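Visitor: Got a minute to go through this one with me? I'd like to start with a side chain and work outwards.

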Amino acid sequence: ANSYFRPSARDVDYILVEMDAHDTEPVETLQENLRENLKRRPTSLYDVFPKHIADALNSGKKVEAESHDIVTIVFSDIVGFTTISERFTPIKVSNMLDRLYKVFDAIADKHKIFKGMRLNRSRASS
């Protein structure tokens with residue numbers, strides 16, 4: 001192994017100081033979470049369509065158009081995201097986004113709101 005490619009003790013110390021409990025989740029747990037997500041979502045259709053439509057499409061059924069009297073679409077933006085991503089490590093930024101979207105997901109699940117796919121770096125909900 002070439003020591004040129006190894007981080008210095010200072011770099012390792014900096015990373016360890018910046019880490020928190022969310023950064024140290026065991027790989028096995030991450031793999032279990034991934035497997036669980038794959039079980040719940042057999043295709044990406046679940047990221048684009050409500051569950052009943054994705055289920056119908058997955059089973060090869062024809063999906064009829066639906067009409068709704070009221071529809072709301074929410075777009076979110078993180079003010080200062082570029083500055084945040086420049087100041088903090090990728091792990092910190094990723095964990096921040098993960099915590100933020102988990103809160104969004106919990107609120108959407110609580111109110112039975114369909115969560116749409118992410119568009120560019122934004123997330124759409126309706």
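Visitor: Okay, Phe104: how does its accessibility class come out?
Guide: Phe104 counts as partly exposed, because its relative accessibility is 35%, and the partly exposed class sits between 20% and 50%. Keep in mind that this is a predicted model.

Visitor: And Tyr101, buried or exposed?
Guide: Tyr101 is at 10% relative accessibility, so it counts as buried.

Visitor: How are the rings of Tyr101 and Phe104 arranged?
Guide: The count of aromatic pairs comes to one. Tyr101 and Phe104 form that pair, and it is tilted, with 5.8 Å centre to centre and 50° between the planes.

Visitor: How far apart are those two along α6?
Guide: Tyr101 and Phe104 are three residues apart in helix α6, so about one helical turn separates them.

Visitor: What about α6 itself, what end-to-end distance should it have?
Guide: Helix α6 covers residues 90-110, and its 21 residues should span 30 Å at 1.5 Å a residue. The end C-alpha atoms are 30 Å apart, which agrees.

Visitor: Which residues of α6 are buried?
Guide: Val93, Asn95, Tyr101 and Ala108.

Visitor: Anything to flag after the helix?
Guide: Lys112 follows α6 and has a positive phi, near 55°.

Visitor: Switching topic: which residues make the nonpolar surface patch?
Guide: Val48, Phe49, Leu57 and Val63 make a patch of about 260 Å².

Visitor: Where does Phe49 lie?
Guide: Phe49 is in the loop between α3 (45-48) and α4 (51-58). At 30% relative accessibility, Phe49 counts as partly exposed.

Key:
Residues numbered from 1 in each chain as written. Predicted model: local features only at pLDDT ≥ 70, side-chain atom pairs only at ≥ 80, totals over all residues. Heavy atoms only, no water. Helix = DSSP H or I, 4+ residues; strand = E, 2+ residues; numbered from the N terminus. Expected span 1.5 Å × (residues − 1). Buried < 20%, exposed > 50% of the residue type's maximum accessible area, 1.4 Å probe, protein only. Phe/Tyr/Trp six-rings, centres within 6.5 Å; stacked < 30°, edge-to-face > 60°. Patch = residues over 30% accessible without salt bridge, like charges linked within 9 Å, V, L, I, M, F, W, Y side chains within 5 Å. Areas by Shrake-Rupley, 256 points an atom, 1.4 Å probe, with all protein chains shown as cover. Salt bridge = Lys/Arg side-chain N within 4 Å of Asp/Glu carboxyl O.
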